[in-house]
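Here are my notes on the model you sent round. Please read them with the structure open.

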Amino acid sequence: MLVPLLKSAEHQAKRAGEATRSPESRLDEAVGLAAAISLDVVGSAIVPLTKPRPATLFGEGKVEELKGQLAELRIELVVVDGSLGPGQQRNLERAWKVKVVDRTGLILEIFGERARTREGTLQVELAHLNYQKSRLVRSWTHLERQRGGFGFLGGPGETQIEADRRMIQERITKIERQLETVKRTRQLHRKTRREAPYPVVALVGYTNAGKSTLFNRLTEAGVFAENLLFATLDPTMRGLLLPSGRKIILSDTVGFISDLPTHLVAAFRATLEEVLEAEVILHVRDAAHEETDIQKRDVEDVLASLGVTKESTAENNQHVVDVLNKIDLLQGEVHDAAVNLAEREPLTAAVSALTGEGAEELLSLIDSLIVDEEHVVHFDLPSGEGEAIAWLHANAHIRSREDDEDGVVHLDLGLTPIVAGRFEKRFPDLSRRLGEASALAVE
């Protein structure tokens, strides 16, 4: 399919002291979005706008100029990297005689192609329907409601647009009910994980920052990862052993992007809420990208919309680690500067998911953040309590063990409240002894 991408350089309000993306960078990203669903981009352009037109976004002269170019190239689809109102989209399609989609529509198409699980398919369909509902414009006249009658009585029947809107709303309601079931299931899974001694570590980041590649590097999971925007859509979880021998659950989530459609944030809230439960959040960044700081801000904006802020992470004892990925693409002093920054800053890591550089240091950092939440307990058990001792070896962090001649096993444990709670449920007869040991450790 032939697709030119038109980037409208609208004047957007800048936040104080913050840089905004260059039009060229936004255009490159838009081309990448089109390539993500195998569209053949035959042309792209930046169209400066002094004032967006309510009817067509672009001025009449520019609309006519582009009409000639599109006809000459026999274009079938035009993507406008911006937000189009329903009327603007319809008017441009009539003027150019081609299909026109905006940035939101393009991202929805990508998500629709990437969804693999039942949950992902439902989430994408919900976002599509909410988008389509806002796109319904009055294009029919043969079934127009006639005025007259008694107020609430509106004539011979509902209009075509009203029928379409009603059918869409009925489908939205049905999907929302199904997603509520999914949400309850996820909550049960999260509750189970909270009762298990395995902390959750979540990967977040801008799309194409290398999250899935890093996920594969750390877990050897073989998750699909490619140099494509939104290469991964459905979340993935895998167990991972840290250098200390402790086990964590590593979660890979969908990538973020600037101007992420609100329909998608709302539809994927159940999936993204996994981030809220993570003890450690790894914010994976493309350190080689010229606008990495702006991408970081975009990710933080989406996280904030989910309730993940500096205040909430401090309150919930969450740790957010800045992971500077793709350092293999940095040269000389720039590469050394990234590595030195990671060495100086306690919550920063420099890695190459592709080559493995810095991966061990990242795992050690995660290990230290989780171990910091443990308290050390000295626990003496009779050697005859073999089941309890084996359980502690499998679930707790054994710092040291010594077996004496009197048949007593002396254990120094790194213990979290979750593990202690599970031990007390599993071995109630020993729980008082462990409780006393824990109280002494805290004192």
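The numbered points below go from the whole chain to its sheets, two helices and one arginine.

1. Basis. The model is predicted: local features need pLDDT of at least 70, side-chain atom pairs count only at pLDDT 80 or more, and totals for chains, interfaces and linings use all residues. Residues are numbered from 1 along each chain as its sequence is written, and side-chain values use heavy atoms, with hydrogens and water left out.

2. Whole chain. The chain has 16 helices and 13 strands; these are DSSP runs numbered from the N terminus, helices being H or I of at least four residues and strands E of at least two. Of its 443 residues, 47% are buried, where buried means under 20% relative accessible area, exposed over 50%, and partly exposed in between (1.4 Å probe, protein chains only). About 22600 Å² of the chain is exposed, with 50% of that supplied by carbon and sulfur atoms; the areas come from the Shrake-Rupley method with a 1.4 Å probe, and for residues only the protein chains shown count as cover. Among contacts (heavy atoms within 4.5 Å) with a separation of 6 or more, 70% join residues 24 or more positions apart.

3. Six-stranded sheet. This open sheet runs in the order 6-7-5-8-9-10 with mixed pairing; two strands pair if DSSP finds at least two bridges between them. Strand 6 (236-241) and strand 10 (348-350) are at the edges and have a single partner strand each, so one side of each is left without a neighbour in the sheet. Neighbouring strands of this sheet are turned by 25° against each other on average, direction ignored. Axes are lines fitted to C-alpha atoms, for helices over the stretch in contact, and angles run from 0 to 180 degrees between N-to-C directions. Strand 8 pairs with strand 9 (residues 319-325) in the parallel sense over seven bridges, and Leu282 has Val321 in strand 9 as its bridge partner. Helix 12 (residues 332-344) lies across strand 9 and strand 10, at about 145° to strand 10.

4. Arg285. Is this residue of strand 8 (residues 280-286) buried or exposed? Arg285 is buried, at a relative accessible area of 9%. Its side chain makes a polar contact of 3.3 Å with that of Thr292. Such a contact is a pair of N or O atoms within 3.5 Å; within protein, one must be able to donate a hydrogen and the other to accept it, and residues adjacent in sequence count only if both atoms are side-chain atoms. Leaving aside neighbours within four places in sequence, the contacts of Arg285 include Asp293, Lys296 and Asp322.

5. Helix 10. Thr292 is also one of the buried residues of helix 10. The helix (residues 292-305) has 14 residues and reaches 20 Å from its first C-alpha to its last, close to the 20 Å expected at 1.5 Å a residue; the expected span is 1.5 Å times one less than the number of residues. Strand 5 (200-205) and strand 8 are among what covers its buried residues. Gly307 follows helix 10 and has a positive phi, near 100°.

6. Three-stranded sheet. The order is 11-13-12, with antiparallel pairing in an open sheet. Strand 11 (375-382) and strand 12 (397-403) stand at the edges, each with a single partner strand. Strand 12 and strand 13 (residues 408-415) pair over six bridges, with Glu402 opposite His410. Helix 14 (residues 386-395) packs on the sheet and touches strand 11, strand 12 and strand 13.
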